[in-house]
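Please open the structure in a viewer and keep the sequence beside it. The tour below proceeds by selection, and at each stop it states what is to be found.

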Amino acid sequence: PKETKAKTCPIPPQKHPGEIKSNPEKTSRIENESKSKGSKSCPPREKYKYAPKRIADDSKDANSAGQKTATSSSSKWDKFDADQALADLENEGNPENPSWRVSKDPGVATVDCVGYKKSKEEVALDTDLAAGVKRMKSMLRIRLANAQQCKQNGNDLVKARNWAGALRFYEDGSEQLGVAKSAAPLMSESLGNRVKQLSTALVNNAALCHLKLGQYKAAHECAKEVLKEDRANIKALCRNAAALIELGRDQLAKATLDKVEKLKPSSKQAAQLMARLEEKKKEG
């Protein structure tokens with residue numbers, strides 16, 4: 001057989017991966033165009049000549065401002081004269097020259113200065129007095145209620161003829177009104193009348209209990225205490241006369257009964273005491 005020779009084809013040279021073949025003509029053309037346009041390169045960055053300013057802390061400024069405001073406010077309050085301010089309000093509208101007012105009641109005459117300007121010490125004193133009067137009136141109402149309850153309890157025991165128990169309640173009620181009687185000038189007229197009437201009833205009832213218990217001297221003292229406030233009190237006059245008879249002071253007892261007869265001729269108790277005084281005189 002005839003041998004044949006294989007044909008061989010030339011292998012083109014292999015390019016390195018990623019290798020880019022440069023074109024010298026194209027490169028020179030781009031450089032010429034950039035020079036013709038007069039392009040300039042970017043200037044280099046300059047360093048900061050000064051450090052950046054520190055941002056102020058607004059919270060510290062606000063706190064310091066608040067402290068200054070609070071300090072100034074407190075200093076203004078310390079300088080504020082409350083007493084003088086009250087005096088200015090009290091004296092507002094009052095004339096420079098005050099006037100005088102005269103008032104009179106049976107047996108009493110008073111002269112008041114009207115519209116004069118008070119000093120701050122006087123205004124402060126008036127304020128304290130007003131507060132004290134208010135507290136006093138509150139206390140008097142409480143004591144008045146307690147004394148009224150004592151009277152009611154004593155009356156219930158009198159009905160049961162428990163004279164000693166009733167006497168204790170009457171004396172407790174009088175003790176409750178002890179401060180009230182001394183504070184009479186601070187009370188209103190209606191409150192003062194209530195205190196006076198209740199005190200009279202308590203002492204009068206105590207005189208009755210002393211008589212029933214044979215304590216004639218104490219009964220006489222109680223009756224005299226009532227008659228100091230009310231000379232025409234029929235119950236006190238009769239109980240005083242009864243105590244005087246037991247104490248052997250017949251003449252004074254008769255004079256007391258004569259007074260009752262003039263004030264109230266129909267008094268049965270006075271008639272009984274007068275009859276007893278006549279029997280004692282006969283026994284004589």
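A disulfide is here a pair of cysteine sulfur atoms within 2.5 Å. Select C209 and C222: the sulfur of C209 has its closest cysteine sulfur in C222, 9.3 Å away, which is too far for a bond. By the rule just given, the chain has zero disulfides.

Before continuing, note that this is a predicted model, in which local features need pLDDT of at least 70 and side-chain atom pairs count only at pLDDT 80 or more, while totals for chains, interfaces and linings use all residues. Residues are numbered from 1 along each chain as its sequence is written, and side-chain values use heavy atoms, with hydrogens and water left out.

**The whole chain**

Colour the chain by secondary structure. Helices (H or I, at least four residues) and strands (E, at least two) are DSSP runs, numbered from the N terminus. The chain holds 11 helices and two strands, and its elements follow the order α-α-α-β-β-α-α-α-α-α-α-α-α from the N terminus on. Of the 284 residues, 21% are buried; buried means under 20% relative accessible area, exposed over 50%, and partly exposed in between, with a 1.4 Å probe and protein chains only. A contact means heavy atoms within 4.5 Å. Among the contacts in the chain with a separation of 6 or more, 53% join residues 24 or more positions apart.

**Helices α7 and α8**

Two packed helices are described by the angle between their axes and the distance between the axes. Axes are lines fitted to C-alpha atoms, for helices over the stretch in contact, and angles run from 0 to 180 degrees between N-to-C directions.

Next, select residues 189-212, helix α7, and residues 216-229, helix α8. Their axes lie 8 Å apart, at an angle of about 160 degrees. That angle makes α7 roughly antiparallel to α8, a label for angles over 145 degrees (under 35 is roughly parallel, 65 to 115 roughly perpendicular, and the rest oblique). To see the contact, display the side chains involved, including V203, A207 and L211 of α7 and A219, C222 and V226 of α8. By class, this contact has 10 nonpolar, three polar and three charged residues. Ala, Val, Leu, Ile, Met, Phe, Trp, Tyr, Cys and Pro count as nonpolar, Asp, Glu, Lys and Arg as charged, and the others, Gly among them, as polar.

**Helices α5 and α7**

Keep α7 and add residues 163-176, helix α5. How far apart are the axes of α5 and α7? They are 9 Å apart, with an angle of about 150 degrees, and the two helices are therefore roughly antiparallel to each other. Residues of α5 in this contact include W163, L167 and Y170, which meet a group in α7 that includes L202, A206 and C209. The contact of α5 with α7 divides into eight nonpolar, four polar and two charged residues. C209 is buried, at a relative accessible area of 0%.

**Helix α9**

Finally, select residues 234-246, helix α9, and pick out N240. Is N240 buried or exposed? At 6% relative accessibility, N240 counts as buried. Leaving aside residues up to four places away in sequence, N240 touches H220, A223, L227 and T256.

A242 is also found in helix α9, and A242 is buried at 13% relative accessible area. With the same sequence exclusion, A242 touches L211 and L273. The C-alpha atoms of A242 and M274 are separated by 9.5 Å, although these residues are 32 residues apart along the chain.
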